[in-house]
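Grab a pencil and work through these exercises with the structure open beside you. Try each task yourself before you read its solution.

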Amino acid sequence: MKQLATRLARNPLVQNAAALYGVQIVRKVLPLIIVPYLARTLGAAGWGVVAFTLSMAELIVLLIEFGFNLSATREVARARDSGDECGAIMSGVLGAQVLLASAGVLFAIAVSRFIPLLRDQPKLLAAGLFYAIAQGFIPLWFFQGLERMRLAAAIEACGRIAGLVCIFLFVRSPQDAWLALLLQGAAPAFTTLAGLTMAYRQSPWSMPSWWMVRDALRRGWTLFVFRSGEILYGAGSAFILGLFAAPAQVGYFASAEKISRAIFGLLNPIRDALYPRLAHVAHRSPEEAAPLARTGMALMISGGLVLGGSVFVLAPFLIHLLVGADFGPAVIVLRILSLLPPLLAITHSVGLQWLLPLGRDTEVNRVVLTTGAFNLILAVLLAPRFAHEGMAWAVVCSEALACASLVILTVRSMSRLRPIRFTEPAVSQTFET
């Protein structure tokens with residue numbers, strides 16, 4: 001037993017999973033500390049405004065990432081033995097991200113003139129844009145591709161904890177809503193600067209050329225389409241709800257959604273640690289990747305069922321403990337969203353651990369885009385009438401559609417394994433909730 005424990009502790013896959021658990025703790029569990037404090041300090045309406053702006057910022061993060069945290073991960077995993085090639089990949093991605101960030105910021109400023117919540121609070125808009133840029137440039141994908149996560153995870157953990165301390169120290173009243181968002185952006189800004197410095201020492205990169213930028217955009221495009229569809233029934237839900245409902249109702253929904261997704265985030269390290277290994281093995285032989293993919297699916301799905309059931313039973317306790325008695329309407333929202341962990345576990349398992357490593361990105365994109373459009377239609381129909389509860393049902397129904405569709409694709413693909421041509425710019429992908 002002692003020898004087994006020693007071997008496991010030295011296993012790179014286990015070490016990367018442990019490092020990714022550290023990342024998930026700071027990304028998903030720390031919000032379970034921040035959200036209660038902000039909900040009580042800012043009130044339901046104030047927290048709803050912050051959640052709305054944060055959701056807008058996540059849409060810009062999606063644009064800046066452009067699927068690079070997924071497509072570039074596989075490219076780095078394949079080129080990990082060549083420092084020059086890894087450096088070229090990094091240069092191309094950074095050059096593309098600068099262009100995308102500039103476009104996203106300009107578009108957000110233009111659109112904010114037509115959204116009262118943003119037009120009337122320029123400080124909040126500026127803080128949201130700062131958060132988007134800081135979060136979008138985090139180069140965690142580079143170290144994930146190299147399967148060297150420990151130091152990068154430690155840096156992100158330190159930055160997030162420092163941001164949490166600053167929120168406790170400086171956010172004192174509803175008038176500090178913009179400051180709360182600005183401080184949440186300070187943590188990823190620190191992580192981005194430190195991560196880029198580490199990446200440069202690992203694989204020196206230079207000023208990107210146009211062909212590097214073009215190649216990065218070409219490889220990331222397919223997955224950007226995928227992520228764009230996914231965002232319509234994911235991080236963008238609070239933003240969509242804010243277009244139809246009062247800030248307090250956005251606060252109820254956002255509180256429950258963050259709790260549900262933070263709890264599911266406990267399973268993300270399993271998924272993210274397996275991803276580069278599966279992409280590497282599937283590149284040689286899909287048959288060799290199948291046993292590892294099945295193991296990952298079993299772990300994810302069983303964990304999702306346990307987490308979902310726990311959230312449903314403990315919803316009143318969790319809401320009262322984390323955000324307070326004033327958020328009573330969020331209990332029913334959290335119980336509806338308790339269906340997400342098992343659904344997400346299945347969706348992520350069959351997508352990340354089987355279909356995407358096999359290069360079936362076109363089929364997955366078709367499912368996700370259809371699901372995103374379905375969620376948008378449901379949101380427009382349900383949110384104006386049922387507010388936070390309607391938005392919750394729209395998200396769950398959309399995720400159920402994605403889950404069923406991907407399971408059908410997986411069953412079909414396993415019944416007829418065929419070689420995949422990886423010379424095409426098919427994108428390997430990861431799900432970021």
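**Exercise 1. The whole chain**

What share of the contacts in the protein chain with a separation of 6 or more comes from residues 24 or more positions apart?

Before the solution, some ground rules: this is a predicted model, where local features need pLDDT of at least 70 and side-chain atom pairs count only at pLDDT 80 or more, while totals for chains, interfaces and linings use all residues. Residues are numbered from 1 along each chain as its sequence is written, and side-chain values use heavy atoms, with hydrogens and water left out.

Step 1: A contact means heavy atoms within 4.5 Å. Step 2: Among contacts with a separation of 6 or more, residues 24 or more positions apart account for 86%. Step 3: For background, the chain has 18 helices and zero strands. Helices (H or I, at least four residues) and strands (E, at least two) are DSSP runs, numbered from the N terminus.

**Exercise 2. Inside the chain**

Find out how much of the chain is buried, and which residues touch the most other members of the largest nonpolar core.

Step 1: Get the cut-offs straight: buried is under 20% relative accessible area, exposed is over 50%, and partly exposed is in between (1.4 Å probe, protein chains only). Step 2: Of the 433 residues, 59% are buried. Step 3: A nonpolar core is a set of buried Ala, Val, Leu, Ile, Met, Phe, Trp, Tyr and Cys residues joined through side-chain atoms within 4.5 Å. Step 4: The largest one has 109 residues, and Phe142, Phe253, Phe327 and Leu337 touch the most other members. Helix α3 (residues 31-65) gives the most to this core, with 18 residues. Step 5: There's also a second, separate core of eight residues, including Met297 and Leu406.

**Exercise 3. Two neighbors in one helix**

Thr191 and Phe190 are both found in α10. Is Thr191 buried or exposed?

Step 1: Thr191 counts as buried because its relative accessibility is 4%. Step 2: Phe190, at 43%, counts as partly exposed. Step 3: Now check who they touch, not counting residues up to four places away in sequence. Thr191 touches Ile138, Pro139, Ile155 and Glu156, while Phe190 touches Ile155 and Gly159. Step 4: Look at α9 (residues 150-170), where Ile155, Glu156 and Gly159 are among the buried residues.

**Exercise 4. Checking a helix length**

How many Å does α9 reach from its first C-alpha to its last?

Step 1: The expected span is 1.5 Å times one less than the number of residues. Step 2: With 21 residues, α9 is expected to span 30 Å. Step 3: In the model α9 reaches 31 Å, close to that value.

**Exercise 5. An odd angle and a loop**

Which sign does phi of Ala387 have?

Step 1: Most residues other than glycine have a negative phi. Step 2: Phi of Ala387 is near 50 degrees, a positive value. Step 3: Ala387 sits in helix α18 (residues 361-415) and is buried, with a relative accessible area of 8%.

Now for a loop: where does Gly236 lie?

Step 1: Gly236 is in the loop between α11 (210-232) and α12 (237-242). Step 2: Gly236 counts as buried because its relative accessibility is 4%. Step 3: Gly236 and Glu58 are 178 residues apart in sequence, yet 7.3 Å apart in space, C-alpha to C-alpha.
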